[in-house]
Amino acid sequence: MYVKNPFANRPAMSPAEKRALERRHLLYYLRVWDTAEDKMIGHIADVSTDGLMLVGELKIDLDKTFNLKVMLPNPSDDGEPESIQFVAKSCWSSNDVNKLFYDTGFQFVDIPVETSEKLQDIIKEYALNSWLY
């Protein structure tokens with residue numbers, strides 16, 4: 001398995017903090033849209049309540065704040081595609097194992113409680129390791 005350490009330059013974290021920020025791989029590659037540009041910029045590779053790693057074909061500018069939207073696989077009650085929107089800052093970027101793609105780490109910025117709860121629900125519902133037990 002290919003693993004990066006996007007937080008190598010951050011201060012040391014306690015084991016409890018690391019567990020709290022454990023990233024989860026998802027069953028789906030959820031599509032991520034840049035709402036300012038109205039274009040898909042990639043798919044979520046893994047996610048935590050602090051941020052996400054996106055895999056996409058384009059190199060993402062660093063230290064830039066994005067308004068992002070994630071399209072969810074289940075339709076809402078009215079039959080429309082469900083989505084979640086949030087603000088995130090690009091923190092790091094590098095080539096993926098497949099050199100045709102880029103991995104980019106995003107940190108969530110000022111996430112409202114409702115959005116944070118929805119992200120936790122997504123992690124619980126779509127996390128790969130939740131299906132292993």
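# Getting to know a predicted fold

Buried residues account for 32% of the 133 residues in this protein chain. The model is a predicted one, and the questions below walk through it step by step.

Reader: What order do the elements of the protein chain follow from the N terminus on?

Author: Happy to start there! The secondary structure comes to two helices and seven strands. Reading from the N terminus on, the order is α-β-β-β-β-β-β-β-α.

Reader: How much area does the protein chain expose, and what share do carbon and sulfur atoms supply?

Author: The exposed surface of the protein chain comes to about 8600 Å². Of that area, the share from carbon and sulfur atoms is 51%.

Reader: Which residues have the most contacts inside the largest nonpolar core?

Author: In soluble globular proteins, nonpolar side chains tend to be buried together. Here the largest nonpolar core holds 20 residues. Those with the most contacts inside it are Leu-52, Leu-68, Val-70, Phe-86 and Phe-106.

Reader: Which element gives the most to this core?

Author: Let's look at the contributors. Two or more residues come from each of β3 (39-47), β4 (51-56), β5 (65-75), β6 (81-95), β7 (102-108) and α2 (113-126). With four residues, the element that gives the most is β5.

Reader: Is Phe-86 buried or exposed, and what does it touch?

Author: Phe-86 has a relative accessible area of 6%, and buried means under 20%, so Phe-86 is buried. Not counting residues up to four places away in sequence, Phe-86 touches Leu-52, Phe-66, Asn-67, Leu-68, Val-70, Phe-108, Ile-111 and Thr-115.

Reader: Why is the pair of Phe-66 and Phe-106 called edge-to-face?

Author: A pair of aromatic rings is described by the distance of the centres and the angle of the planes. The count of aromatic pairs comes to two. For Phe-66 and Phe-106, the ring centres are 5.6 Å apart. Their planes stand at 80°, and planes over 60 degrees apart count as edge-to-face, so the pair is edge-to-face.

Reader: How many residues apart are Phe-66 and Phe-106?

Author: Phe-66 is buried at 6% relative accessible area, and Phe-106 is buried at 1%. Phe-66 lies in strand β5 and Phe-106 in strand β7, so the pair links distant parts of the chain. Along the sequence, they are 40 residues apart.

Reader: What are the distance and angle for the aromatic pair of Phe-86 and Phe-108?

Author: This pair also links distant parts of the chain, with Phe-86 in strand β6 and Phe-108 in strand β7, 22 residues apart. Phe-108 is buried, with a relative accessible area of 9%. The pair is edge-to-face, with values of 5.0 Å centre to centre and 80° between the planes.

Reader: Which backbone oxygen does the side chain of Ser-90 reach?

Author: Ser-90 sits in strand β6 and is buried, with a relative accessible area of 0%. Leaving aside neighbours within four places in sequence, Ser-90 is in contact with several residues, including Ile-60, Asp-61, Leu-62, Phe-66, Thr-104 and Phe-106. At 2.5 Å, its side chain reaches the backbone oxygen of Asp-61.

Reader: Which residues form the covered face of strand β2, and which the uncovered one?

Author: Strand β2 spans residues 31-34. Its uncovered face is made of Arg-31 and Trp-33, while its covered face is made of Val-32 and Asp-34.

Reader: Which residue in β3 is the bridge partner of Trp-33?

Author: Four bridges join β2 to β3, and the two strands run antiparallel. They form a hairpin with four residues between them, and Asp-38 in the turn has a positive phi of about 55°. Arg-31 stands opposite His-43 in β3. For Trp-33, the bridge partner is Met-40.

Reader: How many residues lie between β3 and β4 in their hairpin?

Author: Strands β3 and β4 run antiparallel and are joined by four bridges. Among their bridge partners are Val-47 and, in β4, Leu-52. In this hairpin, the number of residues between the strands is three.

Reader: What percentage of contacts between residues at least 6 apart in sequence join residues at least 24 apart?

Author: This one looks at contacts across the protein chain. Taking those between residues at least 6 apart in sequence, the share that joins residues at least 24 apart is 55%.

Conventions. Residues numbered from 1 in each chain as written. Predicted model: local features only at pLDDT ≥ 70, side-chain atom pairs only at ≥ 80, totals over all residues. Heavy atoms only, no water. Core = buried A, V, L, I, M, F, W, Y, C linked by side-chain atoms within 4.5 Å. Buried < 20%, exposed > 50% of the residue type's maximum accessible area, 1.4 Å probe, protein only. Contact = heavy atoms within 4.5 Å. Phe/Tyr/Trp six-rings, centres within 6.5 Å; stacked < 30°, edge-to-face > 60°. Polar contact = N/O pair within 3.5 Å; in protein donor to acceptor, adjacent residues only side chain to side chain. Pairing = 2+ DSSP bridges. Areas by Shrake-Rupley, 256 points an atom, 1.4 Å probe, with all protein chains shown as cover.
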